[in-house]
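Got your viewer open? Here's a short tour, one selection at a time.

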Amino acid sequence: MISEFMKKYPVIGILIRQVYPRQSHLLIKDLKPSIVLKQVNREISSNVHEFVEIEKWIDFLGKFSLNSLETHLSLRSFIVGYKWTFADVVVWGFVSTKEKELKKFVNVSRWFTSLYEIPEFKKSLEEFHSFKEKETEGNAKVKNQGNFDIELKNAEMGKVVTRFPPEPSGYLHIGHAKAALLNDYFARLYQGKLLLRFDDTNPSKEKKEYENSIKEDLQLLGIKPDVTSHTSDHFNKIYDYALQMIKLGLAYVDDTDQETMRAQRFDGLESKCRNKSVEDNLKDFEEMKEGTEFGQKSCLRAKIDMLDKNKAMRDPVIYRCNLIPHPHTGTMYKMYPTYDFVCPIVDSIEGVTHALRTNEYRDRNPQYEWFLKALKLRWVHIWDYSRLNFVYTLLSKRKLTWFVEQGLVTGWDDPRFATVRGIRRRGMTIEALRSYILSQGASQRELSLEWDKLWVTNKKVIDPIAPRHTALIKDKL
């Protein structure tokens, strides 16, 4: 829901978000706008005299006219003091909604234009106008872009915990960057925590190199996780939960070959192993644990509903054998849990309150919730948002890995790749990348984006600071 403040003073709200990001959490509170502004003023003020003067302007907000402001600015460059302050932010945001009337007021126009040259002010007004234009046009496809007005269920200030759980099987691409930035955004908005958790459940694909690169790229993006962990830290607990499910009759070991199992799941047919006794399942699961010949041909499946219309609920695989040494645990384990099984368990164990993930997982959300209920775990709320899709762009880590391994590119930082390192090598600034991704917001609407808008954003960052030189040939002077 949009707060009362953002409804009444959207430009001021956007400005606060740009200039004072640490105070942006106040914008979502259910308080009167004047109280929100005074709280922001209280948090950022270091000068008592300035604080008092700014508070006076907050009290007058909505009451003063452009005529009185014109008089006030006749001998002043700024509202309070000799440099721009929160008073200028507040009044500028209010005046920006009366932009058409400014031609009549010389001093107000001078003051307004001078502040407009400050990037945060300019960006805020552009964001506001852009939103209003899209709203007027009624273009639903674009309207939801850049929307952060989502209601995280039961979110409490200071208690929200989000997580970014990459698999260390490749370098971060621009889609991963969106996931990381959104989770970081909401963690900071609610003054909560962001967890970085490496989903290391498949030793066939994972390398320490990828883990290190992910940490470095997150640092470049300005993301500092509060806690870093690995799914492998919880392997013993996850194993205990798997045993619990078998004993409750909610899981069974299945040695059906992969092709047949896939066909049975598609047709809603039960496996021959589905109704084995608990004792037989425990015995077979032990063989999986030991990595025996039978164990390697088997998997553990959750016993849910083979006739469910949602195929993700048709007895998904939750454990499989893999004898390849694990980057962290070595040869300690010979079988590993699947992502779908560990995700709800580890989210609950680590204190995650809101799992933000792309809507490609939407069909698996009921499965996620089923595991929480079946194992009586602490509840985790899910919010899914749209993937960052670009036209003519390959984002599949599996396919990108193939190009790297075949030697068809220079590496994961090849400028033709949509990895964070690839587009940086091509000339993308981190500032522009962050700005563009956050402008997409947490909308659930699927969009296929063009690269040109991202490079336009990059140009706005580079143009003001890029050195330009002119040279003349000396012998032709």
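Start with helix 16, since it gives the most to the lining of the second largest cavity: three residues. Keep in mind as you click around that this is a predicted model.

**Stop 1: the cavity.** Select D340, C343, P344, R357, R364, Q367 and Y368, and you have the lining of the second largest cavity on screen. The space inside comes to about 40 Å³, and the model has three cavities of 30 Å³ or more. Now colour helix 16 (339–349) and helix 17 (365–374); each supplies at least two residues of that lining. What is the mix of residue types around the second largest cavity? Three of the lining residues are nonpolar, one is polar and three are charged.

**Stop 2: C343.** Stay in helix 16 and pick out C343. Is C343 buried or exposed? It counts as buried, because its relative accessibility is 2%, below the 20% cut-off. Show its surroundings next: beyond the neighbours within four places in sequence, C343 is in contact with R163, R197, R357 and Y368. R357 and Y368 should still be selected from the cavity lining. Then add T231, which sits 112 residues away from C343 in sequence, yet 8.6 Å away in space, C-alpha to C-alpha.

**Stop 3: helix 10.** Jump to residues 174–189, the 16 residues of helix 10. From first C-alpha to last, helix 10 reaches 22 Å, close to the 22 Å expected at 1.5 Å a residue. Turn on a surface and helix 10 is mostly covered, with 15 of its 16 residues buried. Just past the end of helix 10, check Q191, where phi turns positive at about 55°.

**Stop 4: the nonpolar cores.** Nonpolar side chains tend to be buried together in soluble globular proteins. Select L69, F86 and W111: these touch the most other members of the largest nonpolar core, which has 43 residues. Helices supplying at least two residues each to this core include helix 2 (10–19), helix 4 (48–60) and helix 8 (119–137). Which helix gives the largest share of this core? That's helix 6, with eight residues.

Zoom in on F86 and skip its neighbours within four places in sequence: F86 is in contact with I16, Y20, L37, V40, N41, I44, I54 and I58. For a last selection, try M313, Y339, A355 and A374, which are among the 41 residues of a second, separate core.

Note on methods
Residues are numbered from 1 along each chain as its sequence is written. This is a predicted model: local features need pLDDT of at least 70, side-chain atom pairs count only at pLDDT 80 or more; totals for chains, interfaces and linings use all residues. Side-chain values use heavy atoms; hydrogens and water are left out. On a 1 Å grid over the protein atoms alone, a cavity is a set of points where a 1.4 Å probe fits but cannot get out, and a pocket is an open set with protein on both sides within 12 Å along at least five of seven lines; lining residues have an atom within 4 Å of a point. Grid points are joined across faces, edges and corners, and a volume is the space filled by probe spheres set on the points. Helices (H or I, at least four residues) and strands (E, at least two) are DSSP runs, numbered from the N terminus. Ala, Val, Leu, Ile, Met, Phe, Trp, Tyr, Cys and Pro count as nonpolar, Asp, Glu, Lys and Arg as charged, and the others, Gly among them, as polar. The expected span of a helix is 1.5 Å times one less than its number of residues. Buried means under 20% relative accessible area, exposed over 50%, partly exposed in between (1.4 Å probe, protein chains only). Contact means heavy atoms within 4.5 Å. A nonpolar core is a set of buried Ala, Val, Leu, Ile, Met, Phe, Trp, Tyr and Cys residues joined through side-chain atoms within 4.5 Å.
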